[in-house]
Amino acid sequence: MNKQYFEALAGFNHWADQKVIGWLDQINDEQWTQVVTSSFSSIEKTAIHLASAEKIWIDFWTNAPDPVYLSAEFKGTKNDLIAIWKKASAGLKYFMENHLQEDYQQPVSFIYPNGTVAQMEYWQTFAHIVNHSTYHRGQLVTMLRQVGFADFSSIDLITYYIYSSKNIFVSSETKEVITSMDLKG
C-alpha cells in the first residue's frame, strides 16, 4: 500500500466517472428509464446506486452524522443525479489526495443498507469503492449499448494510465512510436 497507488486509483475512478457521466448526458429520458436486465432495472437506477455508493463512503470516512443511502430516497432528475455524482466523484479523489498514508490502516465504521454496522480498515474501504464503481460502470456500458447508445471510448485502468502519463510506447506490429497523446482517451 502506498499513497501514489491509491491516488492513481482515485484519479482513475474520477476520470472513468466523468467519461460515463458524459455518456449519460447524451441519452434521452426514455433511454434513462428504459427497463434493462442487469443488477438494477434501468440505467437510472444503476447510476443512482453508483452515485449513492461513492457519496456514502465519503460520509463514512468523515463520520458524517446520519449518513443516508441516496438510492433509498432519490427522486430527482437525471441532471440532479449527475450533479451529485460529479461532486461525490471529485470528493473521493480529493479525500484520497488529502488522506495521510499512515492512516490507511485506521478503522472505518459503516452501516450496510440493511442496518448492520461493520468496520474495516480505510484502505480496504477505498479499494472496495473503486472496484465497486468499476463493476457498475461496466454494467452501464452494457446497458447503454442495449438502449442504443454507441459512442464509447475505453474506460479501462490501462487506458487511464496511458492517457494520463507521458509514456512512450512502441507498437510491436509496426515498430511505430506511439505516445499517450496518440491514444483516444
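**A walk through the fold**

Start with the contacts in the protein chain that have a separation of 6 or more: 67% of them join residues 24 or more positions apart. Keep in mind that this is a predicted model.

What does the chain build from its secondary structure? The count comes to six helices and four strands. Read from the N terminus, the order is α-α-α-α-β-β-α-α-β-β, so to speak in blocks: four helices, a pair of strands, two helices and another pair of strands.

As for packing and surface, 43% of the 185 residues count as buried. The protein chain exposes about 10300 Å², and 53% of that area is supplied by carbon and sulfur atoms.

Now go to helix α1, which covers residues 3-26 and has 24 residues. From its first C-alpha to its last it reaches 35 Å, close to the 34 Å you'd expect at 1.5 Å a residue. Have a look at the start of α1 too: there, Asn2 brings a side-chain oxygen to within 3.1 Å of the backbone nitrogen of Gln4.

Further along the chain, pick out strand β1 at residues 107-111 and strand β2 at residues 117-121. In which sense do β1 and β2 pair, and over how many bridges? The pairing is antiparallel, with five bridges. To find your bearings across the two strands, look for Val108, which stands opposite Met120 in β2. Together β1 and β2 form a hairpin, with five residues between them. In the turn sits Gly115, whose phi is positive, at about 100°.

Terms used
Residues are numbered from 1 along each chain as its sequence is written. This is a predicted model: local features need pLDDT of at least 70, side-chain atom pairs count only at pLDDT 80 or more; totals for chains, interfaces and linings use all residues. Side-chain values use heavy atoms; hydrogens and water are left out. Two strands pair if DSSP finds at least two bridges between them. Buried means under 20% relative accessible area, exposed over 50%, partly exposed in between (1.4 Å probe, protein chains only). Contact means heavy atoms within 4.5 Å. Accessible areas come from the Shrake-Rupley method with a 1.4 Å probe; for residues, only the protein chains shown count as cover. The expected span of a helix is 1.5 Å times one less than its number of residues. A polar contact is a pair of N or O atoms within 3.5 Å; within protein, one must be able to donate a hydrogen and the other to accept it, and residues adjacent in sequence count only if both atoms are side-chain atoms.
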